[in-house]
Structures are given as structure tokens and as C-alpha cells.
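This report describes a set of paired strands and then a group of charged contacts. The sequence and the structure are shown first, and the description follows them.

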Amino acid sequence: MADLRQVVESMGNDDVATYIQSGNIVFTAPTLDADSSTLAEELKTAIADRLAVRPSVVVRTRKELALVIRDNPFAHENDHRLLHAVFLQEEPRPNDVASVRAAIDRARSKGSQDDARLISRTLYLWTPEGFAHSVLASELGRGGELRTPMKEGTARNWRTVNALQVLLGQ
């Protein structure tokens with residue numbers, strides 16, 4: 001994480017802080033109107049060049065993260081370990097929405113209570129039996145013709161989402 005902080009700082013970003021050991025990092029970009037997709041591509045390139053790894057990078061601006069929290073369709077869930085936000089790199093396409101719906105249907109046909117909603121570039125995943133035992137998480141993670149946009153994103157539990165918001169001073 002120290003190496004990652006150095007890479008982010010070397011790009012001219014300020015207020016760089018990390019949260020736990022899973023690549024969560026917050027920072028203030030040099031320009032206030034920075035585009036999150038552009039920042040993600042720049043970070044991806046810099047990390048690959050300096051750390052010799054090719055990670056998937058997803059960036060959310062302070063405002064975008066606030067919208068993710070505001071738009072949470074599972075706000076009733078008090079156990080933040082059971083709710084996840086899968087941050088997607090791109091807006092979902094109509095076939096992505098259909099593939100998520102199909103994954104929910106397959107999970108329900110197996111007796112699962114899990115649920116998911118796609119809102120903008122976030123897939124909200126509620127797993128009342130826990131993520132590790134989630135039939136829906138397994139269905140959403142499948143490849144091939146059953147592929148969903150979850151494979152193109154990065155998941156964080158709701159506790160982490162809220163911790164990132166606190167780090168941002170919101």
C-alpha cells in the first residue's frame with residue numbers, strides 16, 4: 001500500500017490515504033473537474049509502469065461515491081457485511097441489466113434470498129447468508145454466455161464504502 005500511495009502522489013494528487021490492504025485509496029486530484037474514467041486509466045498505466053502489475057482500476061469521485069451511498073436500494077440492511085457495492089468501470093448496457101436479472105432468477109430458482117440492483121455504474125448486491133455462501137454472487141461471477149458486468153468491477157462491502165466516505169471527509 002505504501003508503494004501504491006507513492007504512485008498516486010507522484011501523479012500530482014494530494015491528501016492520499018489508503019484504507020485496509022485491498023487497494024482502497026482516496027486522494028484529491030490536481031483538477032477539481034477530473035473525470036473518474038480518465039483518472040482510472042491514468043492510474044492503471046502508472047501502476048503498471050512503476051509496480052509491474054496490471055490491476056483493474058475503478059475510480060469514483062467524491063460526488064459519485066455520495067450518490068452510490070444515497071442511491072443504495074438496500075438501505076434497510078443494518079449488517080454492512082451483507083451488502084456490497086460492485087463498482088463498475090462503465091455504464092451497464094441493456095444486456096448487462098438482463099444478465100443480472102437472469103442471475104437473480106437462477107439464484108432464486110435455487111432457493112436463494114440474495115438480491116441485486118444495477119444503478120448507474122454500481123451493482124448493489126445483498127447477500128443475507130453472507131458473500132462467501134451467496135448463490136447470487138456465484139451466478140453473477142460466471143463467465144461465458146452467462147457473464148454479467150460484475151466480472152468487470154471491484155466489490156466492496158458496505159462497511160468499506162462508508163469508511164471511504166469518512167476518509168473523504170463527507
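In this predicted model, the side chains of strand β3 alternate in direction, with Leu83, Ala85 and Phe87 pointing one way and His84, Val86 and Leu88 the other way, and all of them are buried. Strand β3 is accordingly described as mostly covered, since six of its six residues are buried, and the term buried is applied because the relative accessible area is under 20%.

Strand β3 has pairing partners in both β5 and β6. Five bridges join β3 (residues 83-88) to β5, and these strands run antiparallel, while five bridges also join β3 to strand β6 (residues 153-157), again in an antiparallel arrangement. Alanine 85 takes part in both pairings, as its bridge partner in β5 is tyrosine 124 and its bridge partner in β6 is arginine 156. Histidine 84 has leucine 125 as its bridge partner in β5.

Strand β5 (residues 122-126) is likewise mostly covered, with five of its five residues buried. Thr122, Tyr124 and Trp126 point one way from β5, whereas Leu123 and Leu125 point the other way, and all are buried. Besides β3, strand β5 is paired with β4 (residues 115-119), to which it is joined by five bridges in an antiparallel arrangement; within that pairing, leucine 118 has leucine 123 of β5 as its bridge partner. The two strands β4 and β5 form a hairpin with two residues between them, and serine 120 in the turn has a positive phi of about 55 degrees.

The charged contacts come next. The structure holds eleven salt bridges, and three of them are set out below with the distance between the closest N and O atoms.

| Salt bridge | Closest N and O atoms |
|---|---|
| Arginine 70 and aspartate 71 | 2.8 Å |
| Glutamate 139 and lysine 110 | 2.5 Å |
| Aspartate 115 and arginine 117 | 2.6 Å |

How exposed are the partners of these contacts? For the first pair, arginine 70 counts as exposed because its relative accessibility is 59%, while aspartate 71 is partly exposed, with a relative accessible area of 25%.

The salt bridge between glutamate 139 and lysine 110, with its closest N and O atoms 2.5 Å apart, links distant parts of the chain, since glutamate 139 lies in helix α5 (residues 135-140) and lysine 110 in the loop between α4 (94-109) and β4, 29 residues apart. Its partners have opposite labels: glutamate 139 is buried because its relative accessible area is 3%, whereas lysine 110 is exposed because its relative accessible area is 53%.

In the salt bridge between aspartate 115 and arginine 117, aspartate 115 counts as buried because its relative accessibility is 10%, and arginine 117 is partly exposed, with a relative accessible area of 35%. Salt bridges that share partners join Arg106, Lys110, Glu139 and Arg142 into one network.

Taken together, the description rests on two themes. One is the pairing of β5 with β3 and with β4, where β3 is in turn joined to β6; the residues of β3 and of β5 are buried. The other is the set of salt bridges, including the contact of glutamate 139 with lysine 110, whose residues belong to the network that also contains Arg106 and Arg142.

Conventions: Residues numbered from 1 in each chain as written. Predicted model: local features only at pLDDT ≥ 70, side-chain atom pairs only at ≥ 80, totals over all residues. Heavy atoms only, no water. Buried < 20%, exposed > 50% of the residue type's maximum accessible area, 1.4 Å probe, protein only. Helix = DSSP H or I, 4+ residues; strand = E, 2+ residues; numbered from the N terminus. Pairing = 2+ DSSP bridges. Salt bridge = Lys/Arg side-chain N within 4 Å of Asp/Glu carboxyl O.
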